[in-house]
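User: I would like to learn how to read the contact between two chains in a model. Could you take me through it step by step?

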Amino acid sequence: MWARLDLVLSKIAYFFQYNISKVREINHKYAHPRIQMSGGVKLSLLFLRIYLLFLVALLAYKFATLVGAR
Amino acid sequence: MKLLSKTYYQYRKIWKTIKLYFILSGPGLIVMVADNDAGGITTYAATGAKFGYHLIWFLLLLIPVAYYVQEMTVRLGAVTKRGHAEAIFDAFGSFWGWFSLLDLILVNWLTLITEFIGMTAAFHIFGVPPYITVILVCLLMGIMVLNGRYWTWEKIALLFCALNLVYIPAAFMVHPSIPTILQEGLIPHFPGGFNSTLFFFLMANIGTTIAPWMLFFQQSAVVDKGMKEKDIPWGKFDTLVGAILTIIVAIFIVIVVGTTLKGVEIDSAAQAFSALRLYNEHLGTMLAIGLFNAGLLGAICISLASSWAFGEVFGWAHSLNSKIKEASWFYTNYFITLISAGLIVLIPKAPLVLITLFVQVVAVTLLPAAIVFLLLLLNDKKIMGEYKNSLWQNIIGTTIVLVIVTLSTLYGISIIFPTLFN
């Protein structure tokens, strides 16, 4: 039984090790954006970052008010 | 004799064109019809119940919106031979890539839950317990993908698309007044003035027509189908047919519910169709089956969109043309997404209404990013070559993007703060 458990655990460990190394490989592969970084592209990406921060702030505010109401 | 041979030649030419269309059609038609999923049917049913025929003109406006956004994915997929997730990683780097991928997986999984909610509610009308529906759906979707060919999967999906047309004869069964439909439905106006309720419904209809998973699904399907640059006109035509068809179906749902249940508060399509069974049993039954089919079609596409996206980025074999052994990760991902979403619906007292609302909020975080990336990619000469956006395509595309981003954001905010626009 212990041998079986050991096998399952080693398989789980391999799964995580493999995927962590895969994520690292993906990060390395796509480290540099291929699109030409013109003014328009930079502006659009800046807008998206601000937009997402705004949404996160809204959700955080909602969460805080919900917790506060309790 | 010459006339006869000429006629025969013309006939052969037309028949050949039709055959070619049937070979190349698929991604556009499936993605558009699947857009009328369980959530979509609920939105259109609620619109019909609340405003009758008065917002049909607005639905018609959504045909070019849906077409222009989706045709860009056809060009991008055919030119780059990459799915949308991989294209974002490649063009914008890993930060935006991970953001899009993880957001897509989350929003797709949540949407898949809503499809299961719709399907179980539809079959519940006939007294089928939810767990039987979930098992049935998982088996059916398993059989569809495990045949090992994209072509077979696509043709089965097209069959389900055809079933989505059930709302068209249903509308004739309720005997609507055609002059009233034309008079009330085709002249642009805001019934009862422009107020917060109307605004919420307009936004909900837009949100239903353009969903993030559609961009990812169609581009991946174009790649999996093996479409090339020369097939782009057919892909665009396929998308146009799909856009028209999906809105026609939406209009017919509005007509059915607008004729029979106008003024009734509708929380879900299942509730509407259950009420319609009292009006006409055959009609209610037909529509409930239509709702199940819509949920199934949505589930088929959404679960595949996630698996394709993961496969593209992680470099796994990710084609429906691959056998299980060749693409084990791809199929594992597909089934985990599917079964886990089905199990959530079976949890007693699971917060299903909250999940349904949360889908819209998460979609709002992904849609603007996905759609802006699409527009930027379509403007990169190095990536798109001669297929990059023209000036007119950019004017139309940018206008649509700005309107969608603004309205979907307001829609998301109105869900988080329901009293804000009152």
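Analyst: We will go through the interface, its charged pair, a surface patch and a pair within a helix, bearing in mind that this is a predicted model.

User: How many residues of chain B are in contact with chain A, and what area is buried between them?

Analyst: A reader can begin with the residues on each side and then turn to the area. Here 33 residues of chain B are in contact with 26 residues of chain A, and the area buried between the two chains is about 2900 Å², with carbon and sulfur atoms giving 72% of it.

User: Which residues form the salt bridge across this interface?

Analyst: A salt bridge is judged by the distance between a side-chain nitrogen and a carboxyl oxygen, with a cut-off of 4 Å. The rule finds one across the interface of chain B and chain A, and it joins Asp90(B) to Arg34(A), whose closest N and O atoms are 2.6 Å apart. Counting polar contacts between the chains gives eight residue pairs, both partners being at pLDDT 80 or more.

User: Which helix of chain B gives the most to the side that touches chain A?

Analyst: That is α17(B), which supplies nine residues, while the residues of this side as a whole divide into 24 nonpolar, four polar and five charged.

User: Which residues make the nonpolar surface patch, and where does its largest share come from?

Analyst: The patch covers about 920 Å², and its members include Trp2(A), Leu5(A), Phe15(A) and Trp329(B). Helix α1 of chain A, residues 2-29, provides the largest share with eight residues, and Leu5(A) is located in that helix.

User: Why are Lys22(A) and Glu25(A) separated by about one helical turn?

Analyst: These two residues form a salt bridge, with their closest N and O atoms 3.7 Å apart. They are about one helical turn from each other because they lie three residues apart in helix α1 of chain A.

How values were computed:
Residues numbered from 1 in each chain as written. Chains lettered and ligands numbered in written order. Predicted model: local features only at pLDDT ≥ 70, side-chain atom pairs only at ≥ 80, totals over all residues. Heavy atoms only, no water. Contact = heavy atoms within 4.5 Å. Buried area = accessible area lost by both parts, 1.4 Å probe. Polar contact = N/O pair within 3.5 Å; in protein donor to acceptor, adjacent residues only side chain to side chain. Helix = DSSP H or I, 4+ residues; strand = E, 2+ residues; numbered from the N terminus. Nonpolar A, V, L, I, M, F, W, Y, C, P; charged D, E, K, R; others polar. Patch = residues over 30% accessible without salt bridge, like charges linked within 9 Å, V, L, I, M, F, W, Y side chains within 5 Å. Areas by Shrake-Rupley, 256 points an atom, 1.4 Å probe, with all protein chains shown as cover.
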